[in-house]
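Welcome! Take a moment to look over the sequence and the 3D view, and then we will walk through a helix and some charged pairs together.

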Amino acid sequence: MNIRIIFATFLVFSILAESHARDSKKPNLILIMADDLGYHDLACYGHPKIKTPVLDKMAREGVRLTSFYSGATVCTPSRMALLTGAYPARLGWKKGVLGYGIHNTMGCSQKALTIAEIYKRAGYATAITGKWHLGDRARFLPPRQGFDHTYYIKRSNNQTKELWRGDKMVEKPFNNRLLTEQFAKDAITFIKAQGEKPFFLYVPFTAPHFPVQSHPDWKGKSAFGAYGDVVEEMDHRIGEIFKTLQELKIDKRTIVVFLSDNGPEPREQAQAKPYRGRKWDSLEGGTRVPCIVWYPAAIRGGQTCEELVAAIDLLPTLAHACGIDLKTARADAPHKVDGVNVWSTLVDREDAEHQRTDLLYWHGMNGFHAIRMGDWKLFKNRHGAKHKSQHDGPVLIHLKNDVEELTNVAAKYPGRVKEMQELADKRLADIQENIIPLGQ
């Protein structure tokens, strides 16, 4: 009898221990980024013709952000901001992208601590499968920036024809029509290989960056031409990643984030409605992009978050969600993090104060252009605002009432203009005091 009691007790404690171990596992993180996808280009963001059922479902089960800003208006600085949590100007960026405005020999400094390095220090397996665009030379490539598993193109799909794994080129020329499929399949291979080990997976798709070319199986499927074909295929591939998580029964402990790197390319069909502006400029359409965060274990489904959130906030926010002490992990980092932890907003904690109250805007070739505080946005002059006002002075916009940024109310609110100018000067001075140069 005593043996039975002892065995039963042992069995109960074993089950409890196993349950505790399962529940206490660190969340996995998948960060998916589209390239040049406009604010309006998903069905759940209002597009009438492009069908995106996977991302729509992700939004229904998670939180859809409507005032989310990418790290910059073009790809290289946008990726720098996303991966480091810092304004790109703090990392030495002044203008352009690698190969256009940034010299081919330069790249994101190895001194800049990336999210991959932080997660690797926390015991995560790390991977990138997609577009890099942070430096061509060996010293700048993903294996030197914290990524264990790598499968990538070095630049945008209009700038290169080489596909790399680690430090070895594995395909030349790649077939642009097949890249989305190839990157998704590689992501799935990585996920399946991890077993019980927590992982951080970064999937920066090249879609729908130009040249927009449909996969053979998707050509003509969309009611919005080749651009719609490419977006709809990307949505399907993301669905395959979700299916893999479900099959492995790790979906409930995996955080998935989807965003775009910047606003729509001017020469393509991409749209930023109802906002004015596109890629490169500092109008809303240049950096206000779709963002969806999915994590059923903590985030209540069906939310729409209208609070101001930026890509630089994802590093501190997701590190917190995964139980990583960012201060300790970044103890040796030479630069500050400009992002703030907005996790309490995403999980809809009513008692918590939203942490982001202002944001700086950068033009792709001309540096700082504007600052946002609450619903107000101040351009330093009418040229940055592309505004028709008579005087070359500051342009103040009330975004909630003027989404197209057409009415300058600076003369009506001089006190607000002064307050916002002073805050912008303070933020810019802090960046200049703590800056590291681009790697050379």
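## Helix α8 and what follows

Just after α8 comes G323, a residue with a positive phi, near 75°. Keep in mind as you explore that this is a predicted model.

The helix itself spans residues 314-321 and is mostly covered, with 7 of its 8 residues buried. Those buried residues are L314, L315, P316, T317, L318, A319 and A321.

## A buried charged pair

Side chains of opposite charge can pair when their charged atoms come close. The structure holds 32 salt bridges. In one of them, R356 pairs with D313, and their closest N and O atoms are 2.8 Å apart. R356 sits in the loop between α10 and β15, while D313 sits in the loop between β14 and α8, so this pair ties together parts that are 43 residues apart in sequence. Both partners are buried: R356 has a relative accessible area of 7%, and D313 has 0%.

## Two links to helix α12

Which residue pairs with K336 in a salt bridge? The partner is D430, with the closest N and O atoms 2.7 Å apart. K336 belongs to the loop between α9 and α10 and D430 to helix α12, so the bridge joins parts that are 94 residues apart in sequence. K336 is partly exposed at 39% relative accessibility, and D430 is partly exposed at 24%.

Helix α12 also holds R427, whose partner D358 lies in strand β15, 69 residues apart. Their side chains meet in a salt bridge of 2.8 Å, N to O. Here R427 is partly exposed, at 29%, whereas D358 is buried, at 6%.

## A shared network

Finally, D35, R79, K131 and D261 are joined into one network by salt bridges that share partners.

Notes
Residues numbered from 1 in each chain as written. Predicted model: local features only at pLDDT ≥ 70, side-chain atom pairs only at ≥ 80, totals over all residues. Heavy atoms only, no water. Buried < 20%, exposed > 50% of the residue type's maximum accessible area, 1.4 Å probe, protein only. Helix = DSSP H or I, 4+ residues; strand = E, 2+ residues; numbered from the N terminus. Salt bridge = Lys/Arg side-chain N within 4 Å of Asp/Glu carboxyl O.
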